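Here are my notes on the model you sent, set out as numbered points so that each can be followed with the structure open beside the text.

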Amino acid sequence: VDLAEATWLQADLNMDGILAGLQYANTALQDTNYLGLPTNDTDAWAVMLGYEMNDVATFKIAYSDVDEDGVLGVANTATGSVATLGGQSKLYTEMWWNYGYVSAVGAESFSITAETQAVGIDWFLGYYDTEVEPAGVTVAELTEVTLTASKSFGPLDTSLAIIYADEDVADLTTTDIQVYLTYNF
């Protein structure tokens, strides 16, 4: 509570299948001389455009940019470390699994997603890309591709996720397979 003040403004439109959105966020440390260093606010903005074809598919493309001169990212500080990239955010470009990168100071990100239902299964495909450059120094370049398949069986919700990630700066490539089983009672 005493760490920072945050502002979040968002406007979304869904009109005849046309989707559009605009986000603005600001975080400002409460202590303007944090650890003896002057601090700057962090501003971020994001835009999203999409199209929803009834009973067929939904497609979205989004872009976000976070100030490179700020001190604190625009994610929830309670869900991530302030000293690292941060926690999960609600930016349109937030990755499905490798969250925290797009909301970090100096992040420039975009995403393309598609959702549909076929053969009784809900399908999701997302492509995410971000480059994190606080103060002009590249600390992360991450690409993530996620495919999920979800289906409910009465009170049991099931999901399978396959996540491919390529982090260029750390030279790390991973492929994760996750299974989710949720029983609703």
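**Notes on the core, the strand pairing and the surface**

1. Once neighbours within four places in sequence are left aside, Val74 is in contact with Trp8, Ala25, Thr27, Thr42, Ala44, Val66, Ser89, Leu91 and Ser103. Please keep in mind that this is a predicted model, and that the contacts of Val74 are therefore computed from predicted coordinates.

2. The contacts of Val74 fit with its place in the largest nonpolar core, which has 21 residues and in which Val74 and Val132 touch the most other members. At least two residues of this core come from each of β2 (18-29), β3 (42-53), β4 (57-66), β6 (121-132) and β7 (140-153).

3. How many bridges join β4 to strand β5? There are nine, and the two strands, of which β5 covers residues 107-118, run antiparallel. Within β5, the residue that stands opposite Thr58 is Glu115.

4. On the pairing of β5 with β6, the two strands again run antiparallel and are joined by 12 bridges, and the bridge partner of Phe110 in β6 is Asp129. These strands form a hairpin with two residues between them, and in the turn Val119 has a positive phi of about 50°.

5. Turning to the surface, a nonpolar patch of about 880 Å² is made by Val119, Trp123, Leu125, Leu147, Leu160, Ile162, Ile177, Val179 and Leu181. Two or more of these residues are given by each of β6, β8 (156-167) and β9, with β9 giving the most, namely three. Val119 thus appears both in the hairpin turn and in this patch.

6. Is Val179 buried or exposed? This residue of the patch has its place in strand β9, and it counts as exposed because its relative accessibility is 60%, where the cut-off for exposed is over 50%.

7. Thr182 also lies in strand β9, which spans residues 172-183, but Thr182 counts as partly exposed because its relative accessibility is 37%, a value between the cut-offs of 20% and 50%. Not counting residues up to four places away in sequence, Thr182 touches Pro155, Leu156 and Asp157. From C-alpha to C-alpha, Thr182 and Ser152 are 9.2 Å apart in space, while in sequence they are 30 residues apart.

8. As a general reminder for reading the strands, side chains in a regular strand alternate between the two faces of the sheet.

Definitions and conventions:
Residues are numbered from 1 along each chain as its sequence is written. This is a predicted model: local features need pLDDT of at least 70, side-chain atom pairs count only at pLDDT 80 or more; totals for chains, interfaces and linings use all residues. Side-chain values use heavy atoms; hydrogens and water are left out. A nonpolar core is a set of buried Ala, Val, Leu, Ile, Met, Phe, Trp, Tyr and Cys residues joined through side-chain atoms within 4.5 Å. Buried means under 20% relative accessible area, exposed over 50%, partly exposed in between (1.4 Å probe, protein chains only). Helices (H or I, at least four residues) and strands (E, at least two) are DSSP runs, numbered from the N terminus. Contact means heavy atoms within 4.5 Å. Two strands pair if DSSP finds at least two bridges between them. Patches are made of residues with over 30% relative accessible area and no salt bridge: like charges are joined within 9 Å, nonpolar side chains (Val, Leu, Ile, Met, Phe, Trp, Tyr) within 5 Å. Accessible areas come from the Shrake-Rupley method with a 1.4 Å probe; for residues, only the protein chains shown count as cover. A salt bridge is a side-chain nitrogen of Lys or Arg within 4 Å of a carboxyl oxygen of Asp or Glu.
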